[in-house]
Amino acid sequence: MSIHITEKEFVEKREDVIVEWGGISAIRKLPWEQIARIEMFDGSPPLGSGCIIIPEDYLPPGKSRRITARTMTFSDWIPHPSPDQFEWLGRALLALWLPYRSRRNKVAASGSSLVDRMKRLRLMVESSSESATWGGDLWTLLFELQDKRYAGVSCEKRGIEKMDQVIRILAEAAEDGVMPAPTRPRSRKKKRSGEQTYIRDGGETPVQTKSLPGGKFAHFSTNFVSRLMAICLWMQDNLADQVVNCLKLAEDAVRRYDGQMYREKALAIKNAVLADFRWRDAEGNMLTKLPFKVPHRVGQRSSLSDAWPPKNWSTFRVLIPVVQVTNVAVLAFCTGGRHHEVAGMVKTNLQLDDELIRARTYKYSRNLGGIERDWPLHEIAARAVEIQDRLAAIIRPEGTDHLWVQVIPSKASARGAPLADLSELSHDTLERIKLIDPEEGRAHLHRWRHTIARLIGIIVDDAQEVLQDLFGHNNVENVLIYLLSNAEIAAEAIQVAEEAAFVLAQDALKEVMAGKAAGPAAQRIFVAMEDYRMQRGIKALGTDDIEEAAMLLNLEGTAFRRVKGGILCTKAPGQLAPCTRGRGREDVGSCRTDCLNRLELEVERKALVTELQDLARQFSETPSEFVMIKERLAGQLLAYSRRTPDSQAILRPMLSSSDFERVFNEAA
């Protein structure tokens, strides 16, 4: 299991290296021959080798941990670099590693930020082959790219800002003597206004911001989510356990074989296990059909079919990533975790007793190893984790506990290693079994967060607070990016709110007529409904009558908007009320119990009874010598009792005669 390096430990390791070389002031004066011997990280070659390897534990789980992603071979960034260019690049990477002047980075950059800045520098340097005016001077190249707003290197606003930051860090390092100074002063151009349109010189290729359609910032369609979740649940109930069991039987059979093992023999053993396996659905019947199609291999050809069971191991092996992807989808849908949070989950993170799952998050964390956070776990998500752990245990090396495993070895990862890119696996697998349409875009894991934001945003009252807690954001503004980044979501939320208001009005009218609702507005609405019944000559209001009455009340201006819980506001827009200084929309935070527009549903009355019971118990159990506490509880009882006419009748059997008289008679 990885040992996460904290920021403090990283700073200490870096300071040890700096002190070993005499401090930053001494490093500034060192010739390249000595700087070339500096080893910035444990296990990394010295700078003079032309290669830097960032340790795996400095980076969040995911594809950034691949050795190819965290290895910076700067000697290859320019074909046949001159000695001066080689030294310039080595000193530049050293400058990005050393403490910066900037207040935001005075302690240390995170591992991800460090890798990202090195990669931004690589992109700029590698563009030298397309620029004929830099003349071999890397400072000239950077300044030229910056003046052209990095045309041909990046077209995203955020990427441009990051490359500006890299140049600023290197320029400060040149002033401090770590980097060679520019050979010529840079020409000062008029700074662009941040409010202007981001258009490059010449008017070609505008700078792009995060795009929604088809990208990782777009939510999945409702049809796709419904279909995929239905398949995920079907897999949990019918097939996933059997796939895991069959895989384990085959792997065990291969391990037990005493003879010489080669690929064809292992395949023959697995095919024999597969042929003897009996597949049954959740009801015990023979399983003959899947709810989706998989490639069935026959000889050198394959065709899509929903027939089951498979005739060979090549077809069966397709189901292993399907199991992983359905587990990923369920966990992402139930937790809204970021890619690195889900990818870094391990077996020991699951706390079934607490119904929680824990993982490490690197977002908004000043710890290079991240910080722990947890998510409430739905039972289907707990089931997905349990299935996934059993699957991973068959493939991953002994002594490890990562949940997501590399099933087929690749150049970047061995079989059984932690799966680096869950998004890539998800998209490739869903595309292979034709569960995702081309119009849907890529099945990037981050899209589940936007999908959850959309669903919660259109159906949950306190969507901002719910999403802020679920997504692990440190401010509401970041949540609003999810809720307001798509005009279609805003329009859909308005439509759902209108439909919900109409249904809410019908439920409220039913409770008013049944005498279950309370609040000053209940009597007024009851009288209006009685007038409606008498005008129609109806003895008893039916469902259609309630629906028509709700529509008429809405047309006449009576609104049914939820204030909180089971409390509704029936004030019409523009109507004067205690919560408004003039005519306008109601102020939820100033809702008063004596407002004539306040309607309380039965669920709110039940909650009030519970609150009154708790207050009465606390009041009775508080000793008389605690005068201030007793008076505070008496004031709360008095305030809560004014919300409904029958509150005193509810409290009378809960309080002694003296306590009841003290609370109500003395107050009167």
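**A walk through the predicted model**

With a relative accessibility of 39%, Ser49 counts as partly exposed, because this value falls between the limits for buried, under 20%, and exposed, over 50%. Ser49 is found in the loop between α3 and β1. Although Ser49 and Ser75 are 26 residues apart in sequence, their C-alpha atoms are 8.2 Å apart in space. This residue makes a handy starting point for a tour of the structure, which is a predicted model.

The chain has 668 residues, of which 46% count as buried. Its secondary structure comes to 24 helices and 10 strands. Among contacts in the chain with a separation of 6 or more, 60% are between residues 24 or more positions apart. Confidence in the prediction can be read from the pLDDT, whose mean over the chain is 78, with 76% of the residues reaching 70 or more. Over residues 189-213, however, the pLDDT is below 50, and this stretch has 37 contacts in the model beyond near neighbours in sequence. Residues 103-107 also stay under 50 in pLDDT, and for them the model has 10 contacts beyond four places in sequence.

Attention now turns to the interior. The largest nonpolar core has 70 residues, and Trp279 and Phe292 are those with the most contacts inside it. Helix α8, which covers residues 222-256, gives the most to this core, contributing 16 residues. Which residues does Phe292 touch, not counting those up to four places away in sequence? The list consists of Ile231, Met235, Ser305, Asp306, Leu319, Val322, Ile433 and Leu435. Apart from the largest core lies another core, of 57 residues, and Leu59, Phe74, Met124 and Leu170 are among them.

Aromatic side chains offer a second view of the packing. The structure holds 13 aromatic pairs. In one of them, the ring centres of Trp32 and Phe86 are 6.1 Å apart and the planes stand at 80°, so the pair is edge-to-face. The pair links distant parts of the chain, since Trp32 belongs to helix α3 (residues 32-35) and Phe86 to helix α4 (residues 83-97), 54 residues apart. Both Trp32 and Phe86 are buried. The rings of Phe41 and Tyr58 also form an edge-to-face pair, because their centres are 5.6 Å apart and their planes meet at 70°, an angle over 60 degrees. Phe41 lies in the loop between α3 and β1, and Tyr58 in the loop between β1 and β2, so this pair ties together parts that are 17 residues apart in sequence. Phe41 counts as buried at 2% relative accessibility, and Tyr58 is buried with a relative accessible area of 7%. Elsewhere, Phe277, Trp279, Trp308, Trp313 and Phe316 form one aromatic cluster. Trp279 in this cluster is also one of the two residues with the most contacts inside the largest nonpolar core. A ring can also meet a charge: the charged end of Lys630 sits over the ring of Phe619, 4.5 Å from its centre.

Helix α13 is worth a visit of its own. Its 17 residues should span 24 Å at 1.5 Å a residue, and its end C-alpha atoms are 25 Å apart, which agrees. Which residues of α13 are buried? They are Ala381, Ala382, Ala384, Val385, Ile387, Gln388, Asp389, Leu391, Ala392, Ile394 and Ile395. An α-helix has 3.6 residues a turn, so residues three or four places apart point the same way.

Two residues of α13 can be set side by side. Ile395 lies in this helix, which runs over residues 379-395. At 7% relative accessibility, Ile395 counts as buried, because the limit is under 20%. Leaving aside neighbours within four places in sequence, Ile395 is in contact with Leu247, Val405, Gln406, Val407, Arg415 and Gly416. Ile395 and Ala417 are 22 residues apart in sequence, while their C-alpha atoms are 8.6 Å apart in space. Ala393 lies in helix α13 too, but Ala393 counts as partly exposed, at 43% relative accessibility. The C-alpha atoms of Ala393 and Lys248 are 9.3 Å apart in space, with their positions 145 residues apart in sequence taken as a separation.

How values were computed:
Residues numbered from 1 in each chain as written. Heavy atoms only, no water. pLDDT = per-residue confidence, 0-100. Contact = heavy atoms within 4.5 Å. Core = buried A, V, L, I, M, F, W, Y, C linked by side-chain atoms within 4.5 Å. Buried < 20%, exposed > 50% of the residue type's maximum accessible area, 1.4 Å probe, protein only. Helix = DSSP H or I, 4+ residues; strand = E, 2+ residues; numbered from the N terminus. Phe/Tyr/Trp six-rings, centres within 6.5 Å; stacked < 30°, edge-to-face > 60°. Lys NZ or Arg CZ within 6 Å of the ring centre and 35° of its normal. Expected span 1.5 Å × (residues − 1).
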